[in-house]
Amino acid sequence: MRPVVRQVAVRLGGALLVVWGAASCAFLVLQLVPGDPVRAVVGANALVDAGQREEIRHHYGLDRPLPVQYVTYLGHLLTGDLGDSYQLQQPVSGVLAQQLRPTAELALYATLLAVLLAVVVTVATSGRARWPRRLSAVVELVVVSTPSFWLGIMLLTLFSFRLGWLPVSDSGDVRSLVLPVITLALPIAAVLTQVMREGLLDALRSPFVLTARARGLTEPAVRSRHALRHAALPALTLAGWFTGTLLSGAVVVENVFARSGIGRVTLQAVTSRDLPLVQGVVALSAVVFVAVGTVVELLCLAVDPRLRGATGVKAA
Amino acid sequence: MSVSPAPRTGPPAGRATEARTTRRPPVSVLLAAAALSLVLLAALVPGLFAHTSATDTDPLQALRPPGSGHWFGTDELGRDVFARIVHGTRYSLAIGAAATGAGVAIAVLWGLAAALSGRLGDTLLMRAADVLLALPGLLLALLVVLITGKGVAGATIAVAFGTAPGFARVVRAQALVVRRSGYVEAAVGLGVQRPLIILRHVLPNTLGPLLVLATVTLGASISTGAALSYLGLGAQPPTPEWGAMLTEGQGFLQQAWWIALFPGLLLVGTVLAVTVLGRYAQNRAEWRAAS
């Protein structure tokens, strides 16, 4: 039991360290932002006298020494209090909670679509014939090289403006999710396919596949039940990159399609110098990164029984 | 000069696959090289391709579709889209290339400092890289833009800081290997001064894998730079940067699809060419390392 407890403690400590590091990084970066934060609060054109200025600084705790500000900030962070937004005049945690739903929806569907596409394409092109693989490799390369904002604009032009099949902006129904999800999913699917194909081809050459074939399993069964599991592992280790891409992608996609969500709020916060909101977004994405990392580690255990043994002995 | 890396020999028998059997680069690589040369030429001497100005407006010619007079049509102010794309090449390329260069420079300092300082320094520097890698690349770039302000320079620095942590890890890993190598030990034994060893032995032999990685990342950096401009944080109008042109074109998708189509096509083509070349360089480097 002891090694397990230790392992969990180490993992938890590492996770906390990352979140603390990201939060501190955000704090540090925002100290370096030039200009008076009061202007970000009241707007560039507002006339405020010295007294009001002091009052605003006091309200946001900006008049206290930096170390005090830092410690207060970390303390508030522990209790989930991210401070008040300069622009929206409401708690940052409330703003983020409100915007999390549409982004989570978008990210979830995009992930499902990307994984589905990657699995189908990988399995379908893993046969003897070379040309499907080559064709798919070319398509993947083109998709990977296509910036998502342009992909989104082109999909909008074709399906919303030319053909009129799908709504132009977020109208609240499911149809307005179709194009953003495709835009977010395609580049991820292309990278996943590249990684999984390499894994699958490796797996198909390994002895256990020969054994499975010798046992008389059909080719689809060999591929989906045995080889695909192997191919999934390297893809799963990409999860960190994957979360980051989803969040970066959300910033772009939500702006292309004028959808509300974390990505849109992030850009607004940056352009309007809404520093507490920026800090909140950084903290949130660090927490998501750490959470996804943990879930993926568990998934790896589920996919690969060899990782479950604590002895570290790897059977071939 | 420096100690040369592993000697070049022919491909080992039995390892030869399609791309490795011939010494000549495949057609795709030649095509990519040709395309990239054209793009580079357009960036250096735009006048060679476009005879009209990128910023002169002509209300009478507004929103003309692609045709004989204007190959790629005109935008809402009557500016020739083709001329704008040609003149914009340098901005789009420069942001990506300069950012990659700056990223490499930051990473070399960062990675070498980590590998050559004591255990505490190494831990601190690499933990910092881990934390930055935990943040989405675009978010990191946005944080940097907050400090630098928007514009071409700001976007370039932002993209550079987005790539640096990943590069720094590669530098550190490679520097740790090089530090324990025979030729560095020999240099130490000969009593060569430490800064000289770092400069003449560790640095050159660390750069190889980093430069390959940087080539592969260059395409993504061009893309991220254009994304920042698209989001309004990079090149500002009326600069004909490709990403910024897409923002302007997005307002006219209903009437004039060509304003947004062509800059994007060029962007995809450029990134594609760079990626093909980068992967070719990577494969060659791997093959050389394996032989």
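The questions and answers below concern chain A of a predicted model.

Me: How many helices and how many strands are there in chain A?
Reply: From the N terminus on, the elements of chain A run α-α-α-α-α-α-α-α-α-α-α-α-α. No β element appears in that order, and the strand count is zero. The helix count of chain A is 13.

Me: What does the C-alpha trace of chain A span along its principal axes, and what percentage of the residues count as buried?
Reply: Along the principal axes, the C-alpha trace spans about 85 × 65 × 30 Å. Chain A has 316 residues. Of these, the share that counts as buried is 34%.

Me: Among contacts in chain A between residues at least 6 apart in sequence, what percentage join residues at least 24 apart?
Reply: The set considered holds contacts in chain A between residues at least 6 apart in sequence. Within that set, the share joining residues at least 24 apart is 72%.

Me: Are α10(A) and α13(A) roughly parallel or roughly antiparallel to each other?
Reply: Helix α10 covers residues 219-236 and helix α13 covers residues 275-303 of chain A. Their axes are 10 Å apart, and the packing angle is about 165°. Angles over 145 degrees count as roughly antiparallel. Therefore the relation of α10(A) to α13(A) is roughly antiparallel.

Me: In which hand does α10(A) pass α13(A), and how do the residues of the contact divide into nonpolar, polar and charged?
Reply: The crossing of α10(A) past α13(A) is left-handed. From α10(A), the contact uses Arg229(A), Ala232(A), Leu233(A) and Leu236(A), and from α13(A) it uses Val296(A), Leu299(A), Cys300(A) and Val303(A). By class, these residues are seven nonpolar, no polar and one charged.

Me: Which residues is Ile56(A) in contact with, leaving aside its neighbours within four places in sequence?
Reply: Ile56(A) lies in helix α3, residues 50-59 of chain A. Ile56(A) has 18 other C-beta atoms within 10 Å and is partly exposed. With neighbours within four places in sequence left aside, the contacts of Ile56(A) are Val38(A), Val41(A) and Val42(A).

Me: Why is Arg205(A) classed as it is, buried or exposed?
Reply: Arg205(A) sits in the loop between α8 (175-204) and α9 (207-214) of chain A. A residue is exposed if 12 or fewer other C-beta atoms lie within 10 Å of its own. Arg205(A) has 10 such atoms, so the class of Arg205(A) is exposed.

Me: How many Å apart in space are Arg205(A) and Leu30(A), C-alpha to C-alpha?
Reply: In sequence, Arg205(A) and Leu30(A) are 175 residues apart. In space, C-alpha to C-alpha, their separation is 52 Å.

Definitions and conventions
Residues are numbered from 1 along each chain as its sequence is written. Chains are lettered from A and ligands numbered from 1 in the order in which they are written. This is a predicted model: local features need pLDDT of at least 70, side-chain atom pairs count only at pLDDT 80 or more; totals for chains, interfaces and linings use all residues. Helices (H or I, at least four residues) and strands (E, at least two) are DSSP runs, numbered from the N terminus. A residue is buried if 20 or more other C-beta atoms lie within 10 Å of its own, exposed if 12 or fewer, and partly exposed in between; C-beta atoms are placed from the backbone. Two residues are in contact if their C-beta atoms, placed from the backbone, lie within 7 Å. Axes are lines fitted to C-alpha atoms, for helices over the stretch in contact, and angles run from 0 to 180 degrees between N-to-C directions. Angles under 35 degrees count as roughly parallel, over 145 as roughly antiparallel, 65 to 115 as roughly perpendicular and the rest as oblique. A crossing is left-handed if the near helix is turned anticlockwise from the far one by less than a right angle, and right-handed if clockwise. Ala, Val, Leu, Ile, Met, Phe, Trp, Tyr, Cys and Pro count as nonpolar, Asp, Glu, Lys and Arg as charged, and the others, Gly among them, as polar.
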